[in-house]
Amino acid sequence: MRIQDLLIPGEKPAQASAAKGKGPARPDATPDTQYYAVEFIHDTICPFCYIGMKNLLKATDIHRSKYPDDVFEITCTPFILGPTAKTSCYDKVPYYTAERGLPSSRFAVWDRLAEDAGIKFSWQGRTGNSRNSHKLLRFALQTTPTRQKSSELTTYRPTAPMPAYPPCTLRAPNTPVSLPQPRGPDLQVRLLDAITTNYHEHDKDLSDPQFLVEITRMVTGFPEDEIRAVLESAEWDHTIDMLSYEVQNRISVRSQSAGPIVAVPTMVLNNKWVYGGFQNVDDIVDQFELLRRGSNPIKEYTTSSLVLEGGTADTNARQAAMARENAHKAGGNRNN
């Protein structure tokens with residue numbers, strides 16, 4: 001089964017270059033403050049991931065309107081759907097149909113779901129390999145490439161200084177920033193918003209190095225020579241490829257039953273709950289509410305979710321793993 005077959009909902013079961021000035025301190029956490037770490041596993045080229053990102057950001061806005069002191073840190077993990085794709089080599093429509101093997105009817109599905117998210121897709125323009133965009137997203141999180149999980153690079157502390165520009169926003173700025181921005185999850189999500197919005201709605205080519213340099217400078221304020229060095233770095237290439245490979249094969253430490261992460265977008269909430277596949281805004285808000293109440297997501301989550309805590313998995317995943325194990329044993333017995 002190909003990855004793209006798993007993407008339709010319901011179809012299938014602060015370092016260098018950081019600003020030196022300090023903004024106002026965050027208020028101390030109160031007993032009612034809740035912290036949410038969200039690992040967003042995605043590919044920048046994936047329309048479902050773009051809709052999922054917009055839904056996630058809207059869900060955090062809705063939640064914060066009810067609980068203004070709650071804190072979210074969203075980090076991005078690459079899941080490259082077309083690792084062998086060339087740079088700036090395809091028109092969008094032929095890329096998704098001929099190169100990715102998707103039916104032409106998929107565009108109507110994307111457009112319908114996008115309307116609910118306030119998105120207007122454009123299917124014009126060029127496209128290509130998404131690796132470089134992921135390199136720069138990671139560069140917004142750390143100065144040197146490592147294979148740490150992105151969720152291990154969160155920065156929140158109750159008394160930490162707020163970002164210089166603009167405080168606590170997860171949306172891309174409309175004008176270039178005047179100073180280099182502090183690295184961290186907020187900056188990474190702002191850059192993700194800028195790259196994907198320009199690609200999916202404004203015909204920019206996310207594989208074009210010049211576009212990536214310009215948009216990254218606008219959002220981060222990092223020097224151009226640093227940005228170009230990342231784009232040209234074989235070490236960054238290897239790191240992103242390994243992060244993508246590892247997340248596609250990630251399983252619970254204590255059990256083989258949890259299975260791989262096989263669909264994008266996928267969210268890992270608070271480093272435990274794997275909320276897989278496309279989700280609408282209301283569903284995401286409901287999951288935040290469940291976590292805040294301390295409800296047990298093993299029972300509450302959708303059947304597409306995998307549960308990492310203790311190495312358990314949802315019923316469907318456990319049954320599939322058991323079936324694979326039984327088939328393997330049966331094959332072994334026949335060979336004896």
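What follows is a walk through one protein chain, from its overall make-up to a few individual residues.

The model is predicted. Its protein chain has 336 residues, and 52% of them count as buried. The secondary structure comes to 11 helices and 7 strands. About 15700 Å² of the chain is exposed, and 50% of that area is supplied by carbon and sulfur atoms.

A first stop is the N-terminal strand E1, which covers residues 35-42 and contains Glu39. Glu39 is buried, because its relative accessible area is 2% and the limit for buried is under 20%. Its side chain is not without a polar partner: the side chain of Glu39 makes a polar contact with the side chain of Thr77, at 2.6 Å. Thr77 falls within strand E2, which spans 71-78. Glu39 can also be placed relative to Glu152, a residue 113 positions away in sequence, with the two C-alpha atoms 9.7 Å apart.

After E1 the chain enters the loop that leads to helix H1, and Thr44 is found in this loop. Thr44 is buried, with a relative accessible area of 1%. Its side chain makes a polar contact with the side chain of Ser133 at 2.8 Å. Leaving out residues up to four places away in sequence, Thr44 touches Ser130, Ser133, His134, Leu137, Leu192, Thr196, Tyr199, His200 and Leu206. Among these, Leu192, Thr196, Tyr199 and His200 carry numbers inside the range of helix H5, 185-202, while Leu206 belongs to the loop between H5 and H6.

Helix H1 itself runs over residues 47-66, and it packs against helix H3, residues 106-116, at an angle of about 10° with the axes 10 Å apart. The two helices are therefore roughly parallel to each other, since angles under 35 degrees are classed that way. From H1, the residues Pro47, Phe48 and Ile51 take part in the meeting, and from H3 the partners are Arg106, Val109, Trp110, Leu113 and Ala114. The spacing of such residues can be read against helix geometry: an α-helix has 3.6 residues a turn, so residues three or four places apart point the same way.

The loop between H5 and H6 deserves a closer look, and two of its residues can be taken in turn. Ser207 lies in this loop. Is Ser207 buried or exposed? Ser207 is buried, with a relative accessible area of 0%. A polar atom of its side chain lies 2.8 Å from the backbone nitrogen of Ser88, and the side chain of Ser207 also makes a polar contact with the side chain of Asp205, again listed at 2.8 Å. Setting aside neighbours within four places in sequence, Ser207 is in contact with Thr87, Ser88, Thr127, Gly128 and Asn129.

The next residue, Asp208, is placed in the loop between helix H5 (185-202) and helix H6 (209-220). Asp208 is partly exposed, with a relative accessible area of 29%. The C-alpha atom of Asp208 is separated by 8.1 Å from that of Gly128, although the two are 80 residues apart along the chain. Gly128 is also one of the contacts of Ser207.

Ser88, the backbone partner of Ser207, lies in the loop between strand E2 (71-78) and strand E3 (90-91). Ser88 counts as partly exposed, at 27% relative accessibility. Its backbone has a positive phi of about 50°, although Ser88 is not a glycine. A second non-glycine residue with a positive phi of about 50° is Asn270. Asn270 lies in the loop between strand E5 (266-269) and strand E6 (273-276), and at 26% relative accessibility it counts as partly exposed.

Further along the chain comes helix H9, residues 281-293. H9 has 13 residues and reaches 19 Å from its first C-alpha to its last, close to the 18 Å expected at 1.5 Å a residue. At its start, a side-chain oxygen of Asn280 reaches to within 3.2 Å of the backbone nitrogen of Asp282. The buried residues of H9 are Val281, Ile284, Val285, Gln287, Phe288, Glu289, Leu290 and Leu291. This list includes the polar or charged residues Gln287 and Glu289. Just after the helix, Gly294 takes a positive phi of about 80°.

Definitions and conventions. Residues are numbered from 1 along each chain as its sequence is written. This is a predicted model: local features need pLDDT of at least 70, side-chain atom pairs count only at pLDDT 80 or more; totals for chains, interfaces and linings use all residues. Side-chain values use heavy atoms; hydrogens and water are left out. Helices (H or I, at least four residues) and strands (E, at least two) are DSSP runs, numbered from the N terminus. The expected span of a helix is 1.5 Å times one less than its number of residues. Buried means under 20% relative accessible area, exposed over 50%, partly exposed in between (1.4 Å probe, protein chains only). A polar contact is a pair of N or O atoms within 3.5 Å; within protein, one must be able to donate a hydrogen and the other to accept it, and residues adjacent in sequence count only if both atoms are side-chain atoms. Accessible areas come from the Shrake-Rupley method with a 1.4 Å probe; for residues, only the protein chains shown count as cover. Axes are lines fitted to C-alpha atoms, for helices over the stretch in contact, and angles run from 0 to 180 degrees between N-to-C directions. Angles under 35 degrees count as roughly parallel, over 145 as roughly antiparallel, 65 to 115 as roughly perpendicular and the rest as oblique. Contact means heavy atoms within 4.5 Å.
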